[in-house]
Amino acid sequence: MWLDAGARAAGRHDVLSARALVRSCARARAHEAPGALVRQILAALACECEDGAMRTGSILAIASEKGGVGKSTLAASLAVHWHKQGLRVLAVDLDPQGTLQDWAAVAEANEVDGPSVIGMADNVRKTIPTLADQHDITILDCPGRMDTRLVAALAVADYALVPVAPGAPDAWALGRILEKIREMQEHRPDLRAGVVVNRAIRTRVAHTVVHQLSDVPNIAHCPVQVGNRAPVAEAIAAGSGVTAYDAGSVASMEIRRLADWLLDEISGQAGENAA
């Protein structure tokens, strides 16, 4: 809570930048003196403001050309987790199936506190950056096939997360979306991307898929595997996310670790943290 308060006191709510600073300081045991750490955060954010480098909210596209990999579930789970952490989160449903909007309707009916959710079909390139300026992180739940909305999402995203289920058909489909990301990176070198194994199960095929992912060039391989666990499905069915619905579960731990890894990736801290 003091982290969010410190960021807001600087006249902005750039929790992503503040969080990156907190992680660096924590490695130096600065977490033992939270008051001093808040002052460091305020000073760092003030320097950014003086330089005029006010960064807008980050845009995360969750993209896959293969249905059934759990895109919408990941989008909802991450959105709830970051919302509960105090970030201003916008989840945008670009998928014609409308799963994320259905989930949001259940949340509203059950009076579950959660992030803002909207649907969008057109004008993605023009509208999303404007909306992202008003939020700390905007999550794009992309269509499960290559269409104009998926291409537009990659055109505006800061980071593309590609979930892959541990099965042969999923691995076969992975190459197409990664190739599209590489094509986009030729025009947008700042676009970063990573792959995460979702709905993980322990099989020989799953082990092979995970091993192959580690050899994909220029694409980060998330060290966290998100398991195919009941609490995740139960949380989504209730209009919530697993980190709020069953905070003590293994599933919740996996989503928290994935969320932390993504924030490091988006803020450019992943290499530093690994050092």
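A disulfide is a pair of cysteine sulfur atoms within 2.5 Å. By that cut-off, the structure on the screen holds 0 disulfides. Keep in mind that this is a predicted model. Two cysteines are worth a word here. Cysteine 142 has a relative accessibility of 0%, so it counts as buried. Cysteine 222 comes out at 3%, and it therefore counts as buried too.

Now the overall picture. The chain has 275 residues, and buried residues make up 50% of them. Its secondary structure comes to 13 helices and 8 strands. If you take the contacts with a separation of 6 or more, 77% of them are between residues 24 or more positions apart.

Next, two helix pairs. The first is helix H4, residues 71–84, with helix H12, residues 250–267. Their axes are 10 Å apart, and the packing angle is about 80°. The range for roughly perpendicular is 65 to 115 degrees, so H4 and H12 are classed as roughly perpendicular to each other. On the H4 side the contact is made by Leu74, Ser77, Leu78, His81 and Trp82. H12 contributes Ile255, Arg256, Leu258, Ala259, Leu262 and Leu263. Sorted by class, the residues of this contact are 8 nonpolar, 2 polar and 1 charged.

The second pair is helix H6, residues 124–132, and helix H7, residues 148–156. Here the axes come within 9 Å and cross at roughly 40°. That makes H6 and H7 oblique to each other, and their crossing is right-handed. From H6, the residues involved are Val124, Arg125, Ile128 and Pro129. They meet Arg149, Val151, Ala152, Ala153, Ala155 and Val156 in H7. By class, the contact of H6 with H7 has 8 nonpolar residues, 2 charged ones and no polar ones.

Staying with H6, look at the loop that leads into it from strand S3, which spans 116–119. Which residues outside its sequence neighbourhood does methionine 120 contact? Leaving aside neighbours within four places, the list is Val92, Asp93, Leu94, Thr127, Ile128, Leu131 and Arg149. Two of those names, Ile128 and Arg149, also appear in the contact of H6 with H7. Methionine 120 sits in the loop between S3 and H6, and at 11% relative accessibility it counts as buried. From its C-alpha to that of leucine 140 is 9.7 Å, with the two positions 20 residues apart in sequence numbering.

The loop between S3 and H6 also holds asparagine 123. Is asparagine 123 buried or exposed? At 55% relative accessibility, it counts as exposed. Its phi is positive, about 55°, although it is not a glycine.

Glutamate 111 is another non-glycine residue with a positive phi, in this case near 55°. It lies in the loop between helix H5, 99–109, and S3. With a relative accessible area of 73%, glutamate 111 is exposed.

Last, a residue inside a helix. Leucine 174 lies in helix H8, residues 168–187. Its relative accessible area is 9%, so leucine 174 is buried. How far apart are the C-alpha atoms of leucine 174 and glutamate 65? They are separated by 7.4 Å, while the two residues are 109 apart along the chain.

That is the list for today.

How values were computed:
Residues are numbered from 1 along each chain as its sequence is written. This is a predicted model: local features need pLDDT of at least 70, side-chain atom pairs count only at pLDDT 80 or more; totals for chains, interfaces and linings use all residues. Side-chain values use heavy atoms; hydrogens and water are left out. Axes are lines fitted to C-alpha atoms, for helices over the stretch in contact, and angles run from 0 to 180 degrees between N-to-C directions. Helices (H or I, at least four residues) and strands (E, at least two) are DSSP runs, numbered from the N terminus. Angles under 35 degrees count as roughly parallel, over 145 as roughly antiparallel, 65 to 115 as roughly perpendicular and the rest as oblique. A crossing is left-handed if the near helix is turned anticlockwise from the far one by less than a right angle, and right-handed if clockwise. Contact means heavy atoms within 4.5 Å. Ala, Val, Leu, Ile, Met, Phe, Trp, Tyr, Cys and Pro count as nonpolar, Asp, Glu, Lys and Arg as charged, and the others, Gly among them, as polar. Buried means under 20% relative accessible area, exposed over 50%, partly exposed in between (1.4 Å probe, protein chains only).
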